[in-house]
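Biologist: Please take me through this model, and set each label that you use against its criterion.

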Amino acid sequence: NFFLMAGLYAVLSSAPRVLLEGFGLSPIALGWLFAGVVFIVFGAGLLAPRLSARFGRQAATSAGLALAAVAAVALLGLMLVDEVALGSFLMIVPVFLFGVGIASPLSSAAALSPFGDRAGQAAALFGCSQMAGAACGASLAAILSSDPVRGLTVVLAATSVVALLLHVFSRTSRRLIGDHA
């Protein structure tokens, strides 16, 4: 969840600059777009338990992480060929956000479920790691490049791919350990 929050907060901190400075949107238009972000992430969060019930938590989490990673890599690819336009940005970023909206609550539940007897402590530590990820993602997007599109796309691609790889690795290692136990 550290990496998901890093990517999410990179979007939340960099998108205003991208949209206002890079694409010339008005502050009112930016506000409406950010209102839409709430519905995308919230809607995905409502869908996540249904996906988990139907396909299993691991598969649903994998799907959310894969959506986020594919969207982030697509945006990075467009940035590398200097083709990021307002339309492509507005089509790709919501896919990333939808993937995060699915994966985040499911990975949170998975991380906290073994610690029912210490729920308060576990949630505090988990929240701290999320906020650390958020701070790292927002900071990295600003530090990596003076071009907000470049900084954002690099952070999104890196964090979402690392999150997906860590998830796949943890699933694989649990299977291997389970096979030898």
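The exchange below covers confidence, salt bridges, surface, chain contacts and the pocket.

Modeller: This is a predicted model, in which local features need pLDDT of at least 70 and side-chain atom pairs count only at pLDDT 80 or more, while totals for chains, interfaces and linings use all residues. Residues are numbered from 1 along each chain as its sequence is written, and side-chain values use heavy atoms, with hydrogens and water left out.

Biologist: What is the mean pLDDT of the chain, and where is confidence lowest?

Modeller: pLDDT is the predictor's confidence in each residue, from 0 to 100. The chain has a mean of 90, and 95% of its residues reach 70 or more. Confidence is lowest in helix H6 (residues 148-180), with a mean of 85, and highest in helix H3 (residues 57-80), at 96. Helices here are DSSP runs (H or I, at least four residues; strands are E, at least two), numbered from the N terminus. Where pLDDT is low, the predicted coordinates should not be read in detail.

Biologist: What makes the pairing of glutamate 21 and arginine 17 a salt bridge?

Modeller: The term requires a side-chain nitrogen of Lys or Arg within 4 Å of a carboxyl oxygen of Asp or Glu. For glutamate 21 and arginine 17, the closest N and O atoms are 3.1 Å apart, so the pair qualifies. The two residues are separated by about one helical turn, because they are 4 residues apart in helix H1. Side chains of opposite charge can pair when their charged atoms come close.

Biologist: How many salt bridges does the structure hold?

Modeller: There are 2. Besides the pair in helix H1, the side chains of arginine 118 and aspartate 117 meet at 3.8 Å, N to O, and therefore also satisfy the criterion.

Biologist: Why is aspartate 117 called exposed, and why is arginine 118 called partly exposed?

Modeller: Buried means under 20% relative accessible area, exposed over 50%, and partly exposed in between (1.4 Å probe, protein chains only). Aspartate 117 has 64% relative accessibility and so counts as exposed, whereas arginine 118, at 40%, is partly exposed. In the other salt bridge, glutamate 21 counts as exposed at 55%, and arginine 17 is partly exposed at 34%.

Biologist: What makes Val38, Phe39, Phe42 and Leu46 a nonpolar patch?

Modeller: Patches consist of residues with over 30% relative accessible area and no salt bridge; like charges are joined within 9 Å, and nonpolar side chains (Val, Leu, Ile, Met, Phe, Trp, Tyr) within 5 Å. Together, Val38, Phe39, Phe42 and Leu46 present about 480 Å² of accessible area; such areas come from the Shrake-Rupley method with a 1.4 Å probe, and for residues only the protein chains shown count as cover. Valine 38 lies in helix H2 (residues 27-55). With 54% relative accessibility, valine 38 is over the patch limit and therefore passes that part of the test.

Biologist: What is the phi value of aspartate 82, and where does this residue lie?

Modeller: Its phi is near 60 degrees, a positive value in a residue other than glycine. Aspartate 82 is placed in the loop between H3 and H4, and its relative accessibility of 68% makes it exposed.

Biologist: How far apart in space are leucine 47 and isoleucine 102?

Modeller: Their C-alpha atoms are 7.0 Å apart, although 55 residues separate them in sequence. Leucine 47 belongs to helix H2 and is partly exposed, with a value of 32%. Proline 105, in helix H4, has its C-alpha atom 6.5 Å from that of glycine 45, 60 residues away along the chain.

Biologist: What is the volume of the largest pocket, and which element gives the most to its lining?

Modeller: On a 1 Å grid over the protein atoms alone, a pocket is an open set of points with protein on both sides within 12 Å along at least five of seven lines, and lining residues have an atom within 4 Å of a point. The largest pocket has a volume of about 430 Å³. Of its 19 lining residues, Asn1, Ser107, Ala163, His167 and Ser170 are the closest to the centre. H6 gives the most to the lining, with 5 residues.

Key. 1 Å grid on protein atoms, 1.4 Å probe; cavity = no way out; pocket = protein on both sides within 12 Å on 5 of 7 lines; lining within 4 Å. Points joined across faces, edges and corners; volume = space filled by probe spheres on them.
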